[in-house]
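Biologist: Let us go through this structure one label at a time. I will ask what each label rests on.

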Amino acid sequence: LRPTGTEVALRFNLPGNEEPMQTLGRVVWVRSATDQDPAGMGIEFDELSDEDRERINGMIRSLRIGPS
């Protein structure tokens, strides 16, 4: 885990998409582990290409609609 405000470089794949995404982000929240939840942190993307933004939005739309 990194402190809030830390800049991070990210490289990840969206489910069902083999082309990796790369971007910069910033830690906006940090959560310590509890008995109910694992440790984690939230990242706000600072730089996303229009193409990557559309790929993320498309994945979110498909999750809202559900499988056909």
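**Labels and their grounds**

Modeller: Phe-12 has a relative accessible area of 22%, so Phe-12 is called partly exposed. Keep in mind that this is a predicted model.

Biologist: Why does Phe-12 count as partly exposed?

Modeller: Buried would need under 20%, and exposed over 50%. The 22% of Phe-12 lies in between, so the label is partly exposed.

Biologist: What makes Phe-12 and Phe-45 an aromatic pair, and is it stacked or edge-to-face?

Modeller: Ring centres must lie within 6.5 Å. For Phe-12 and Phe-45 the value is 5.9 Å centre to centre, so they pair. Their planes are 10° apart, and under 30 degrees counts as stacked. The structure holds one aromatic pair. Phe-12 and Phe-45 form it. Phe-12 sits in strand β1 and Phe-45 in strand β3, so the pair ties together parts that are 33 residues apart in sequence.

Biologist: What is the label for Phe-45, and why?

Modeller: Phe-45 has 33% relative accessibility. That value lies between the 20% and 50% cut-offs, so Phe-45 is partly exposed.

Biologist: How do you know that the strands pair, and in which sense?

Modeller: Pairing takes at least two bridges. β1 and β2 have six bridges, in the antiparallel sense. Strand β2, residues 21–31, has seven bridges with β3, also antiparallel. Both counts meet the cut-off, so both pairs stand. Three strands then make an open sheet in the order β1-β2-β3.

Biologist: What makes β1 and β3 edge strands?

Modeller: Each pairs on one side only. β1 covers 7–12 and β3 covers 40–47. On average, neighbouring strands of the sheet are turned by 50° against each other, direction ignored.

Biologist: Which bridge partners can I look up in the view?

Modeller: Take Leu-10: its bridge partner in β2 is Thr-23. Val-27 has Ile-43 in β3 as its bridge partner. For Trp-29, the bridge partner in β3 is Gly-42.

Biologist: Stay with Trp-29. Is Trp-29 buried, exposed or partly exposed, and why?

Modeller: Trp-29 belongs to strand β2. Its relative accessibility is 42%. That is not over 50% and not under 20%, so Trp-29 is partly exposed.

Biologist: Which residues does Trp-29 contact, neighbours within four places in sequence left aside?

Modeller: Thr-4, Gly-40, Met-41 and Gly-42. The C-alpha atoms of Trp-29 and Gly-40 are 8.4 Å apart, with their positions eleven residues apart in sequence. Contact asks for heavy atoms within 4.5 Å, so a C-alpha distance of 8.4 Å does not rule it out.

Biologist: Now charges. Why is Arg-26 with Glu-7 called a salt bridge?

Modeller: The cut-off is 4 Å from nitrogen to carboxyl oxygen. The side chains of Arg-26 and Glu-7 come to 3.5 Å, N to O, so the label holds. Arg-26 lies in strand β2 and Glu-7 in strand β1, 19 residues apart, so this pair links distant parts of the chain.

Biologist: What about Asp-46 and Arg-26?

Modeller: Their N to O distance is 3.6 Å, within 4 Å, so this is a salt bridge too. Asp-46 in strand β3 and Arg-26 in strand β2 are 20 residues apart.

Biologist: Which of these three residues are exposed or partly exposed?

Modeller: Glu-7 has 58%, which is over 50%, so Glu-7 is exposed. Arg-26 at 29% is partly exposed. Asp-46 at 38% is partly exposed.

Biologist: How many salt bridges does the whole structure hold?

Modeller: Four. One of them joins Arg-55 and Asp-52 at 3.0 Å, N to O. Both lie in helix α1, three residues apart, about one turn of the helix. Both are buried. Shared partners also join Glu-7, Arg-26 and Asp-46 into one network of salt bridges.

Biologist: Why is Asp-52 called buried, and what does Asp-52 contact?

Modeller: Asp-52 has 10% relative accessibility, under the 20% limit, so Asp-52 is buried. Helix α1, residues 50–65, holds Asp-52. Neighbours within four places in sequence left aside, Asp-52 is in contact with Met-21 and Gln-22.

Notes
Residues numbered from 1 in each chain as written. Predicted model: local features only at pLDDT ≥ 70, side-chain atom pairs only at ≥ 80, totals over all residues. Heavy atoms only, no water. Helix = DSSP H or I, 4+ residues; strand = E, 2+ residues; numbered from the N terminus. Axes fitted to C-alpha atoms, helices over the stretch in contact; angles between N-to-C directions. Phe/Tyr/Trp six-rings, centres within 6.5 Å; stacked < 30°, edge-to-face > 60°. Buried < 20%, exposed > 50% of the residue type's maximum accessible area, 1.4 Å probe, protein only.
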